[in-house]
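Here is a short report for someone meeting this structure for the first time. Please look over the sequence and the model before reading on.

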Amino acid sequence: MGCDLKRRFLLLYATQKGQAKAIAEEIQQQADTHGLKADVHCMSEMDKYNLEAEEDPVVIVISTTGTGDPPDTARKLIKKIQDKSLPPDHFAHLQYGLLGLGDSEYTFFCNAGKTLDRRLQELGAQHFYNTGLADDCVGLELVVDPWIDGLWLALKEVFLLKKEKEDMNGNASAVTNSLSAVPLSAVPCEHKLELTSKIQQLKLEDEGVRSSDVQSQKLFDVSLVTSAQDTEPSLVHSVPPISQSALNVPALPPEYIEVQFQDTHGEDPSLTSLISEGAVFEVPVTKAVQLTREDAIKTALLLELDISDTTFDYQPGDSFCVICPNNAGEVAELLHILGLSEKGEHFVCVTVKQGTKKKGATHPQHIPERSTLKFILTWCLEIRAIPKKAFLRALVECTSDAGEKRRLQELCSRQGASDYTRFIRESNVCLLDLLRAFPSCRPSLNLLIEHLPKLQPRSYSVSSSNLFQPGKMCFVFNIVEFPACPTRPVSWKGVCTGWLAALVEPLLHTNKNIQDAKGGRLLNEKVPIFARPNCTFHLPADPSIPFMMVGPGTGISPFIGFLQHRQKLREEHKDWSFGETWLFFGCRHQDRDYLFKDELRCFLESGTLTHLKVCFSRDLPAAEVAPPKYVQDMVRLYAKEVASILLKEGGSFYVCGDGKHMADGVSDAVVDILSMEMGADRLEAMKVLATLREAKRYLQDVWS
């Protein structure tokens with residue numbers, strides 16, 4: 001490209017957990033090699049860009065969170081452009097390409113990206129490049145990598161067309177809305193041949209740039225990678241053709257963090273500094289109960305927190321977040337492998353490296369400028385995160401063994417995409433696994449801070465009512481288990497659930513007694529929590545409104561809070577009118593994992609719960625006609641009642657659970673019920689369900 005075509009484009013990202021930001025940074029880095037300048041901003045920084053006046057192409061990377069919600073950083077912009085008074089040509093001047101990130105196992109796949117895309121189209125904006133929708137269920141990189149590869153030609157064609165338009169007008173300054181779409185059909189005949197030729201040249205140059213990073217040299221001795229008996233590929237071994245191929249590896253990400261050890265002492269930052277807004281409350285656990293039998297497939301625990309000495313407040317149905325530490329043993333092992341066991345308690349100063357080649361390098365918000373090394377590895381970095389290809393590429397430079405170096409190159413290369421998916425992504429390989437498997441790899445601390453994402457707080461549904469249990473808050477969770485595998489010889493528990501389970505172990509065998517013989521607490525350690533905003537999963541404001549609850553497994557958790565709250569209201573307001581309540585509950589075995597069985601019986605006997613419908617998916621049926629196995633099957637049995645509550649009585653419908661497919665199954669059942677009872681086609685029933693969602697009468701709280 002000539003220097004006159006080195007042009008700027010606006011690059012916006014909206015992220016919840018950092019993935020969209022990392023992809024935007026990758027696009028920014030690659031832009032330089034293509035002679036383009038990416039002007040990068042977080043979507044929330046609306047004072048730094050103006051879409052209404054933007055003349056250059058816009059590239060958008062946006063993730064989806066929750067059950068189809070936009071990230072917090074996108075809410076302001078999306079709310080602004082949803083203004084119904086905006087004219088249909090509001091963004092007629094705008095050309096954009098959008099990359100949406102999502103997970104197809106959730107009902108509303110890439111919903112934030114789709115919503116933004118649709119609204120920009122409604123306001124007249126035009127695509128200069130096809131929208132990409134990347135699926136975290138199968139691997140974001142399967143869409144992200146080729147989408148970025150194709151972006152550069154699309155951008156250069158936009159700039160070339162713009163230049164041709166300016167040349168035709170003879171006066172570039174007279175051109176307004178200079179990026180309005182110019183299809184080839186609109187170009188005069190005498191310019192078409194020349195323009196087509198230039199675009200072909202662009203394609204050749206673009207392919208040249210992409211091939212320039214090919215590792216054309218092959219390994220000196222393939223036996224370093226795989227010996228004769230290693231006919232099956234693994235994390236550390238490759239087989240032909242990849243073991244003998246030239247490789248396209250990503251460009252080496254520029255280092256931008258500097259870590260300096262200090263001799264000073266002091267205190268680590270407070271945990272409040274780890275969240276962007278709100279207050280952190282460190283509260284004691286006052287009760288822990290195992291809700292499942294020892295032979296249940298999953299172990300469910302109920303924990304009761306004492307919030308009486310705090311200003312923390314909640315409603316039944318709310319969620320809250322737990323700030324959890326990484327496993328202490330894994331942190332110690334990481335320090336040992338890095339040769340820093342003696343320096344865990346030393347303070348480090350983290351700064352942006354002077355003269356870094358990384359564009360717009362800033363200090364990571366989740367890393368304190370000054371703290372102990374152990375604090376950073378324990379509370380700030382997700383050390384179990386699946387390493388991205390950029391991290392693998394950086395690790396290549398820290399690996400001394402030729403065979404190990406080659407294998408890491410393969411795993412981050414385009415040719416090694418299937419190996420990356422199989423041995424890294426699907427195997428849930430983390431940094432520690434890599435360092436064990438590639439013992440000559442010794443990364444520096446700055447690489448960990450640059451490439452490991454923020455250790456995310458874990459969200460849980462409240463399982464109690466402050467009205468029913470003043471000063472207490474309960475929640476329920478399954479202990480997450482990761483079985484041993486070829487890349488990891490020992491099984492794992494989830495970062496947060498494993499920590500909580502170990503924390504409350506002394507309470508599980510004390511018959512709810514939280515005092516030891518001397519009157520002191522059995523648990524000295526407290527659980528750091530903070531409120532999770534924007535929750536609409538609440539009881540109807542009018543108690544006379546009927547509602548249905550669907551909650552298999554630990555999905556029953558918020559509904560226990562609903563029923564506790566309703567029971568207290570019934571006791572205190574005997575003159576009030578209360579609507580019917582339905583609960584559909586399911587689990588594997590009636591005698592192993594029927595959560596809150598006794599409590600539900602009491603709610604039924606008191607009239608607080610009107611209808612309880614349960615199903616057991618693994619129990620052998622005693623009757624000739626098999627009963628429903630899953631909650632969605634049970635819902636279908638009560639089609640007339642479901643339709644009556646939703647269509648005639650103005651009632652609400654709640655779905656909660658840890659099965660993403662369950663939520664889809666329930667919504668499909670409700671659509672079928674509405675279609676049947678209304679005598680309408682399925683599309684019409686889906687529109688009715690969408691209306692119920694908008695009215696906050698069909699609500700979901702679904703997690704992975």
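The report below starts with the whole chain, moves to its empty spaces, and ends with single residues.

## The chain as a whole

This is a predicted model. The protein chain has 704 residues, and 50% of them count as buried. It holds 19 helices and 25 strands. Contacts often reach across the sequence. Take those in the protein chain between residues at least 6 apart in sequence: 77% join residues at least 24 apart.

## The largest cavity

Rolling a probe the size of a water molecule over the atoms shows where empty space is left. In this model the count comes to three cavities of 30 Å³ or more. The largest cavity contains about 80 Å³ of space.

Which residues line the largest cavity? The lining includes Leu274, Ile275, Val322, Ile323 and Cys324. His366, Trp379 and Cys380 also line it. Lys454, Leu455, Gln456 and Pro457 complete the list. By class, nine of the lining residues are nonpolar, two are polar and one is charged.

Two domains are represented in this lining. Domain 2 (251-266 + 327-454) gives at least three residues. Domain 3 (275-323 + 455-512 + 522-535) also gives at least three.

## The second largest pocket

The second largest pocket has a volume of about 390 Å³. It is lined by 17 residues, and the closest to its centre are Lys287, Leu302, Gln564, Phe596 and Glu599. Ten residues of the lining are nonpolar, four are polar and three are charged.

Three elements each supply at least two residues of this lining: strand E11 (285-290), helix H14 (557-572) and helix H15 (597-606).

Where does the second largest pocket lie? Domain 3 (275-323 + 455-512 + 522-535) and domain 4 (547-702) both give residues to its lining, so the pocket lies between them.

## Two buried residues and their contacts

Ile376 sits in helix H7 (residues 373-380). Its relative accessible area is 1%, so Ile376 is buried: the cut-off is under 20%. Leaving out residues up to four places away in sequence, Ile376 touches Val348, Val350, Ile367, Pro368, Ser371 and Leu381. One of these partners, Val348, is 28 residues away in sequence. The C-alpha atoms of Ile376 and Val348 are 9.3 Å apart.

Val283 belongs to strand E10 (residues 281-283). Val283 counts as buried because its relative accessibility is 1%. Its contacts, without neighbours within four places in sequence, are Leu305, Asp306, Ile307, Thr310, Lys526, Val527 and Ile529. Val283 and Glu525 are 242 residues apart along the chain. Yet 8.7 Å separates their C-alpha atoms.

## A threonine in a loop

Thr73 lies in the loop between strand E3 (58-63) and helix H2 (75-81). What does the side chain of Thr73 reach? It reaches the backbone nitrogen of Thr15, at 3.2 Å. Thr15 is also among the residues that Thr73 touches, along with Ala14, Cys42, Met43 and Ser44, not counting residues up to four places away in sequence.

## Less usual backbone geometry

Most residues other than glycine have a negative phi, and most peptide bonds are trans. Two residues and one peptide bond depart from that pattern here.

The two residues are set out in the table.

| Residue | Phi | Loop | Relative accessibility |
|---|---|---|---|
| Cys110 | about 55° | between strand E4 (95-102) and helix H3 (111-122) | 1%, buried |
| Asn428 | about 55° | between helix H10 (417-425) and helix H11 (431-437) | 33%, partly exposed |

Neither residue is a glycine, but each has a positive phi. Their surroundings can be read from the accessibility values. Cys110 counts as buried, at 1% relative accessibility. Asn428 counts as partly exposed, at 33%.

The peptide bond is the one from Pro240 to Pro241. Is this bond cis or trans? The bond is cis, with omega near 10°. Pro241 lies in the loop between strand E7 (214-215) and strand E8 (247-248).

Conventions:
Residues are numbered from 1 along each chain as its sequence is written. This is a predicted model: local features need pLDDT of at least 70, side-chain atom pairs count only at pLDDT 80 or more; totals for chains, interfaces and linings use all residues. Side-chain values use heavy atoms; hydrogens and water are left out. On a 1 Å grid over the protein atoms alone, a cavity is a set of points where a 1.4 Å probe fits but cannot get out, and a pocket is an open set with protein on both sides within 12 Å along at least five of seven lines; lining residues have an atom within 4 Å of a point. Grid points are joined across faces, edges and corners, and a volume is the space filled by probe spheres set on the points. Ala, Val, Leu, Ile, Met, Phe, Trp, Tyr, Cys and Pro count as nonpolar, Asp, Glu, Lys and Arg as charged, and the others, Gly among them, as polar. Domain bounds come from an automatic or database domain assignment. Helices (H or I, at least four residues) and strands (E, at least two) are DSSP runs, numbered from the N terminus. A polar contact is a pair of N or O atoms within 3.5 Å; within protein, one must be able to donate a hydrogen and the other to accept it, and residues adjacent in sequence count only if both atoms are side-chain atoms. Contact means heavy atoms within 4.5 Å. Buried means under 20% relative accessible area, exposed over 50%, partly exposed in between (1.4 Å probe, protein chains only).
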